[in-house]
Amino acid sequence: MSGYPPPPETIRGRVAWIFGDDFDVDLIIGVENIKYYDADVLRGVTMQAYDPEFVDKVEPGDVIVGGRNFGYGHPHYPPLVALRNLGVSAVIADSFSPGFWRGETYNGMPLITAPGISEHVSRWDPVEVDWRRARVTLPTTGTTLEGTPPSERVTKIIEAGGSLRLLLAEHRR
């Protein structure tokens with residue numbers, strides 16, 4: 001079964017991009033591309049409206065930061081598939097749209113709610129994320145933001161690499 005490996009205990013990377021409030025993730029790849037899952041197609045359209053060189057700058061472990069209600073709109077999966085294919089390991093936001101949160105949690109993406117995050121970071125700042133504790137540390141400033149830790153079930157989903165993997169593992173027993 002394909003999918004993404006679970007994240008390390010502590011995600012260490014950089015803030016690859018900061019989106020504002022009520023951001024519709026479809027814009028990451030362009031609304032006209034929301035039906036594609038092919039990695040090469042997605043790589044060619046990811047972040048083109050924001051930074052055409054983004055795909056060459058992002059590194060494994062980097063994170064995306066959002067404002068309030070991140071993921072607003074229709075919860076399509078290809079935008080985050082595109083970011084994960086590039087190595088983005090987590091999304092940290094002031095808050096998440098419920099539909100986006102459900103869908104990406106199902107897919108095993110660590111989503112950390114850390115109120116105030118968008119006001120404390122700049123692009124390419126180093127960041128350390130203890131996703132189990134929802135603790136975000138900004139080494140440059142020494143700031144630590146505490147969010148709401150995931151429930152035990154959500155932790156298991158992320159550790160398994162997504163809900164489908166967890167359910168299959170639970171029912172194989």
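Where is R84 found? Select helix 3 and you have R84; helices (H or I, at least four residues) and strands (E, at least two) are DSSP runs numbered from the N terminus.

Before you go further: this is a predicted model, where local features need pLDDT of at least 70, side-chain atom pairs count only at pLDDT 80 or more, and totals for chains, interfaces and linings use all residues. Residues are numbered from 1 along each chain as its sequence is written, and side-chain values use heavy atoms, with hydrogens and water left out.

**Stop 1: R84**

Zoom in on R84, which is buried (under 20% relative accessible area; exposed is over 50%, partly exposed in between, with a 1.4 Å probe and protein chains only). R84 has no salt bridge, which would need a side-chain nitrogen of Lys or Arg within 4 Å of a carboxyl oxygen of Asp or Glu. Show E104 as well: that is the nearest side chain of opposite charge, 4.9 Å away (Lys and Arg count as positive, Asp and Glu as negative; His and the chain ends are not counted). Now add the backbone of N107, whose oxygen the R84 side chain reaches at 3.0 Å. Leaving aside residues up to four places away in sequence, R84 touches Y4, P5, N107, G108 and M109, a contact being heavy atoms within 4.5 Å.

**Stop 2: the rest of helix 3**

Colour the whole of helix 3 (78-86). Eight of its nine residues are buried: P78, P79, L80, V81, A82, L83, R84 and L86. They pack against helix 1, helix 2, strand 2 (63-66), strand 3 and helix 4. Just past the end of helix 3, G87 takes a positive phi of about 110°.

**Stop 3: helix 4**

Next, select residues 98-106, which are helix 4. Its buried residues are F100, G103, E104 and T105, so E104 from the first stop turns up again here. The cover over these buried residues includes helix 3, strand 4 (111-113) and helix 6 (152-160). After helix 4 comes G108, with a positive phi near 90°.

**Stop 4: the cores**

What are the residues with the most contacts inside the largest nonpolar core? Pick F19, I28, F54, I64 and F70 out of its 28 residues; a nonpolar core is a set of buried Ala, Val, Leu, Ile, Met, Phe, Trp, Tyr and Cys residues joined through side-chain atoms within 4.5 Å. Strand 1 (10-18), helix 1 (39-45), helix 2 (54-57), helix 3 and strand 3 (90-93) each supply at least two residues of this core. Its largest share, five residues, comes from helix 3. A second, separate core has 19 residues, including A114, I117, L138 and V154. Back in the largest core, centre on F70: among its contacts more than four places away in sequence are F19, F23, I64, V91 and F100.

**Stop 5: strands 5, 6 and 7**

Finish on strand 6 (residues 135-138). V136 and L138 point to one face and are buried, while R135 and T137 point to the other and are not. In a regular strand the side chains alternate between the two faces of the sheet.

On one side, strand 5 (residues 126-130) runs antiparallel to strand 6 and is joined to it by three bridges (strands pair if DSSP finds at least two bridges between them). V129 stands opposite V136. Four residues lie between these strands in their hairpin, where A134 takes a positive phi near 55°.

Strand 7 (residues 143-146) is also antiparallel to strand 6, over four bridges. Look for T137 opposite T144 and L138 opposite T143. This hairpin has four residues between the strands, and G142 takes a positive phi near 80°.

Definitions and conventions: Polar contact = N/O pair within 3.5 Å; in protein donor to acceptor, adjacent residues only side chain to side chain.
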